[in-house]
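Visitor: I would like to go through this model one feature at a time. Please keep the answers short.

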Amino acid sequence: MSHNATLANTLFEDVDFTSLTWLERQWMAWYLYIGNPVLATGLMTFLIHEIVYFGRCIPWIIIDAIPYFRRWKLQPAKIPSLHEQWQCTKLVLFSHFTVELPVIWFFHPVAEALGMRTHHVPLPSFSEWLPQVAMFFVFEDMFHYFAHQALHYGPLYKYIHKIHHKYSAPFGLAAEYAHPAEVAILGTGTIGGPLIYCAVTRDFHLFSMYIWMTLRLFQAIDAHSGYGTYPAVLIVRQGRTKLIDIADFPWSLQHWVPFWSGAEHHDFHHMAFTNNFSTSFRWWDRIFGTDDKYRAYRARVKAAKVASKTERDTMERKLMAEVEAEGIRAKAEVLRGTEKRKEKVQ
Ligand SMILES: [Zn+2]
Ligand SMILES: [Zn+2]
C-alpha cells in the first residue's frame, strides 16, 4: 500500500466520501498532501492568518490613498504615509514569526489533547459554529477589557503597551502593531475561548477556530482602520436648525449591531489615550464608566451649533486637538509615575 493510502486509512477511516462537500474534499486533500497532521494544521493556520490579515489590510491601504474617502476618516488630518505603513508592516511580520508562529504550532497538540477535531471530516455546520463563535466574541471582549486596562498601568505601559500607542490615529495594519509580549497577553483572549470550550465540551472542530480567527482579525483591523461614522452636527441657517453631515460610513457594522464597538470607538482610545478598552462590544466600558470622556466628546460635537460645514470642521478639529492634548498629558503622567516608582526603589 502506498504511503498516501495508508495515511488515508489512518486519518479518514469510516468516512463516507460520497457525502462530502467540495470544501470537505479539499480539507482532506490538504492533510493527505502534507502527510503530517501537526505540520498540516500549523501551516494552514499560519497561512490563513497571514492571508486574512494582509488581505483585509489591503483595501484600507487603497482607501487611505484615495482622497474621496477622507469624508469618513475619523481624524482627517492624519493620513498614514506609505513609509509609515511599511515600518508598521515590518514589526507586525516580526511578531507574526516570533510569537504567533510558535503559539500556532503549539495550539494544535494542546487543543487535540483537549479533544479538538482537526483533519476530521465532515466539517461543522453553520448552526454548530455560529453559537461557538458568538461565545468566543463575548469571552475575548471581556478578557481584553481587563487585560488592556492592566496594560495601561505604569511599567506595563512603559515597557509593553507603549508600542501599540505609537499611532494616535490608527490604520488597518496597526491592529497587531504591538510588543511581542502584548501579542502573547492579548492573544490569550483569542485562543482562550476555544481552548476552554474544547476542554468543557470535548466537541470542537478546527474549522470553527478558523472562522473565529478570521472574524476576530476582521474586527481588529476594522477597529483600527480609522474610518467610521461621525456624530451628527446641527447646522443653524437663517434661524432654522437642521441636522447635517452625518458622515455615515456605509460599511460600518454598527448599522446593524448598535452595541458593536467599531472603528470610531477604538479610534477614540488611540486619540485620547483613555476610555474604550474593550474590543468588540461597548457594554464593559459602559458598565464601568470607562467611556465617560468618549461620550462627553460625542455629546459636545453633537450639541455644537454651527453655521457652515467649514465652521463644523474647524470646531471638530479644535475639539480633537483638546482631546489629544489631554491624552498626551495622561501618557506623560503614566510614564512619570514609572520614573517615580523607580526612584523610590533606588
Ligand atoms: Zn491602549
Ligand atoms: Zn489599538
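Visitor: How many helices and strands does the secondary structure of the chain come to?
Guide: This is a predicted model. Buried residues make up 32% of the 346 residues in the chain. The secondary structure comes to 12 helices and 5 strands.

Visitor: Which residues does UniProt place in the feature "transmembrane region"?
Guide: The annotation comes from an unreviewed UniProt entry. In the model the span is 90% helix and 0% strand, and its end C-alpha atoms lie 16 Å apart. The record places the feature at residues 28-48.

Visitor: Are helices α8 and α9 parallel, perpendicular or oblique to each other?
Guide: Two packed helices are described by the angle between their axes and the distance between the axes. For α8 (residues 206-224) and α9 (residues 262-272), the axes come within 7 Å and cross at roughly 60°. Angles of 65 to 115 degrees would count as roughly perpendicular and those under 35 as roughly parallel. The two helices are therefore oblique.

Visitor: Which residues in α9 does α8 meet?
Guide: α8 passes α9 in a right-handed crossing. By class, this contact has 2 nonpolar, 3 polar and 1 charged residues. From α8, the participants are Asp222, Ala223 and His224. In α9 they meet Gly262, Ala263 and His266.

Visitor: How many residues of α9 are buried?
Guide: The buried residues include Glu264, His265, Asp267, His269 and His270. Phe268 and Met271 are also among them. The helix is mostly covered, and the count is 11 of 11.

Visitor: What phi does phenylalanine 273 take, just after α9?
Guide: Most residues other than glycine have a negative phi. Phenylalanine 273 is not a glycine, yet its phi is positive. The residue lies in the loop between α9 and α10 (283-287). Its phi is about 60°.

Visitor: Why does phenylalanine 273 count as buried?
Guide: A residue is buried if 20 or more other C-beta atoms lie within 10 Å of its own. Phenylalanine 273 is therefore buried, since the number of other C-beta atoms within 10 Å is 22.

Visitor: Which loop holds asparagine 275?
Guide: Asparagine 275 has a positive phi, near 65°, in a residue other than glycine. Asparagine 275 is buried, with 21 other C-beta atoms within 10 Å. Its loop is the one between α9 and α10.

Visitor: Is the peptide bond from valine 121 to proline 122 cis or trans?
Guide: Most peptide bonds are trans. Proline 122 lies in the loop between β1 (116-117) and α5 (126-150). With omega near 0°, the bond from valine 121 to proline 122 is cis.

Conventions:
Residues are numbered from 1 along each chain as its sequence is written. Chains are lettered from A and ligands numbered from 1 in the order in which they are written. This is a predicted model: local features need pLDDT of at least 70, side-chain atom pairs count only at pLDDT 80 or more; totals for chains, interfaces and linings use all residues. UniProt positions are given in the numbering used here, feature names are shortened, and annotations may be inferred rather than shown by experiment. Helices (H or I, at least four residues) and strands (E, at least two) are DSSP runs, numbered from the N terminus. A residue is buried if 20 or more other C-beta atoms lie within 10 Å of its own, exposed if 12 or fewer, and partly exposed in between; C-beta atoms are placed from the backbone. Axes are lines fitted to C-alpha atoms, for helices over the stretch in contact, and angles run from 0 to 180 degrees between N-to-C directions. Angles under 35 degrees count as roughly parallel, over 145 as roughly antiparallel, 65 to 115 as roughly perpendicular and the rest as oblique. A crossing is left-handed if the near helix is turned anticlockwise from the far one by less than a right angle, and right-handed if clockwise. Two residues are in contact if their C-beta atoms, placed from the backbone, lie within 7 Å. Ala, Val, Leu, Ile, Met, Phe, Trp, Tyr, Cys and Pro count as nonpolar, Asp, Glu, Lys and Arg as charged, and the others, Gly among them, as polar.
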